[in-house]
Structure formats: structure tokens, C-alpha cells
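Thanks for sharing this one. Here are a few notes to read alongside the structure.

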Amino acid sequence: MNSLTDLGDLVDVVIGVDTHVHTHSAAVIDAATGGVLGEITVAATAAGYAELMEFANNYPMSRAWAIEGTGGHGAGLTRHLLESSELVIELDRPKRSARRNGAKSDPLDAIRAAREAMARPRLGTPRSGGERQALSVLLTARRSAINASTEAQLQVFSLVIAAPERIRVRFRGLKLAAMLNTAAKLRVQSAWDVETTSTVVALRTLARRAHAMLKEALAFGGSRTATASPRAASGERTHCDPRPKSAHAMTLSGGARGCTVLAAQS
């Protein structure tokens, strides 16, 4: 829905829902007067959703649901309502103001959510699930792996700079990819002092972690040539190509190109 029509002209009541990990608080608001007709808090479970629907049916008028966090804490409830052909309005979760004495504000937030939906000239409906949600989940995992690989590479770069000379000399003149390969193959020698030994162990561990996380990212993205590089440390930056067209393509046919290292511009 993306309309300039007032919600009050479409429905008789608006049910605002303040969503949390374990519970959801709901308030039924009269669309004509803004008055509170009823409130309830239910568990964020299938049984809780059913209880909330039963509660809503006590007000057998045309209704809309104004839900905060339809893609987060409210995702399960949103799916349940959409499957029941309910009208759902998506609201962004606001920043919570501090409450005196730590008093919980869930019922008040539910009321505010309903009234905010009624006041908006344009209303947004939740993003569709299915293929789009599947792609979003895969991209989240892929992004996490890329970030982990980037962080490990930054740490390798920093350790090489401060490493003992006998270790540092092995990396002199090497580009990042070669540095990671060299670090991953380092072996500890019994004659080394504790600082050198610890540095080698750390470099090897971080380099192997960077490779493992990049491999994991490529498994999600199907990249042909990809690497995440230390952006600040090496003067290089990471660029990600356009996303795959579908989650199916991402997991089976390698639709995403992934991230490639670009040289810093002078």
C-alpha cells in the first residue's frame, strides 16, 4: 500500500503492536476517535499469535495492524497475519526514550504505533517473503563472512608491520594475496624466542581464518574472482558487484560476483 488515503477512511480500528523477542504488546484503537478499546500482551509464539487473533476478533469491525519490526521481532506475527489475509502496515522501530524508574512502556508503544499509522499520509506494507527473504538471509551470511575475512586480513597486515625482522623480511615486497598465502604456510622453529613464535602462530591463524571466511563467502556468492582486503591498512578498497537475481541462483548457479580488490586511487 502506498496511498494518500487516511487509514481511518479504510478501517474501523487499528491494532498497534509493539514487538519484542519474547512478547508482543497490542492495543486496539478506534480509527474515528483515537480512543483505546483494548490492550493485551501475548507470547511471541504460534500460540501467542492465535491468542492475539482471538483477542482481535472481539472487535468484529474492519481493521488494520500497525506493526513495528515486521522484518525483525515482528516477522513471525506478520507472516501469521498475512496468511490470514489481514491488512498489515509496516512501521520502523523508533528509538526508545528512557523511562523513569525503568518502567516498561510496551502498551504505550503499541498505542503510539497505531496512532502513528493513522496519522501517516503514506503507508507501507511489509516486504514480501519467499524468494526475496531467502535471498536476504543468504546475503546476510555472505556479508558476515566477508567482514570477518576483511578483519582478519587487516590484522595480518598490522602484525607483519610490527613483526620481528626475521619474519618481516619474508613479506617484503609482497602484495596482499601473496602475504596471506605466505602467512598461512608459516611454521614455528624451536630456536625462536617467544615473541617470534607467538607472532608466527598469530599470523598463520589469522591468514587461514581469512581464507576460510572468504571461501565461505564465495560459497554463498559463487564469486569467480573475489577477495576482501584491508581498506585502510593497504590503501586498497573492497567493491561488491550487483547482487544475484534470486536466492536459487545464489546457492546453485553462482549468480553473485562477490567482492574484488581495487587499488587505491592516488
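**Notes on the sheet and its helices**

1. A good place to start is the pairing of E1 with E4. In this predicted model, strand E1 (residues 13–19) and strand E4 (residues 63–68) run parallel and are joined by five bridges. One residue pair to look up here is isoleucine 15, whose bridge partner in E4 is tryptophan 65.

2. Now zoom out to the whole sheet. The five strands form an open sheet in the order E3-E2-E1-E4-E5, and the pairing is mixed. At the edges stand strand E3 (36–43) and strand E5 (88–91); each has a single partner strand, so one side of each is left without a neighbour in the sheet. On average, neighbouring strands of this sheet are turned by 20° against each other, direction ignored.

3. Next, the helix on the sheet. Helix H2 (residues 75–83) packs there and touches E1, strand E2 (23–30), E4 and E5. The direction of H2 makes about 160° with that of E4.

4. How do the axes of helix H1 and H2 cross? The axes of H1 (residues 46–56) and H2 come within 10 Å and cross at roughly 55°; the two helices are therefore oblique to each other. Their crossing is right-handed.

5. Finally, the residues behind that contact. H1 contributes Tyr49, Ala50, Leu52 and Met53, while H2 contributes Gly76, Leu77, His80 and Leu81. Sorted by character, the residues of the H1 contact with H2 are six nonpolar, two polar and no charged.

Technical notes: Residues numbered from 1 in each chain as written. Predicted model: local features only at pLDDT ≥ 70, side-chain atom pairs only at ≥ 80, totals over all residues. Heavy atoms only, no water. Pairing = 2+ DSSP bridges. Helix = DSSP H or I, 4+ residues; strand = E, 2+ residues; numbered from the N terminus. Axes fitted to C-alpha atoms, helices over the stretch in contact; angles between N-to-C directions. Contact = heavy atoms within 4.5 Å. Parallel < 35°, antiparallel > 145°, perpendicular 65-115°, else oblique. Left-handed = near helix turned anticlockwise from the far one by under 90°. Nonpolar A, V, L, I, M, F, W, Y, C, P; charged D, E, K, R; others polar.
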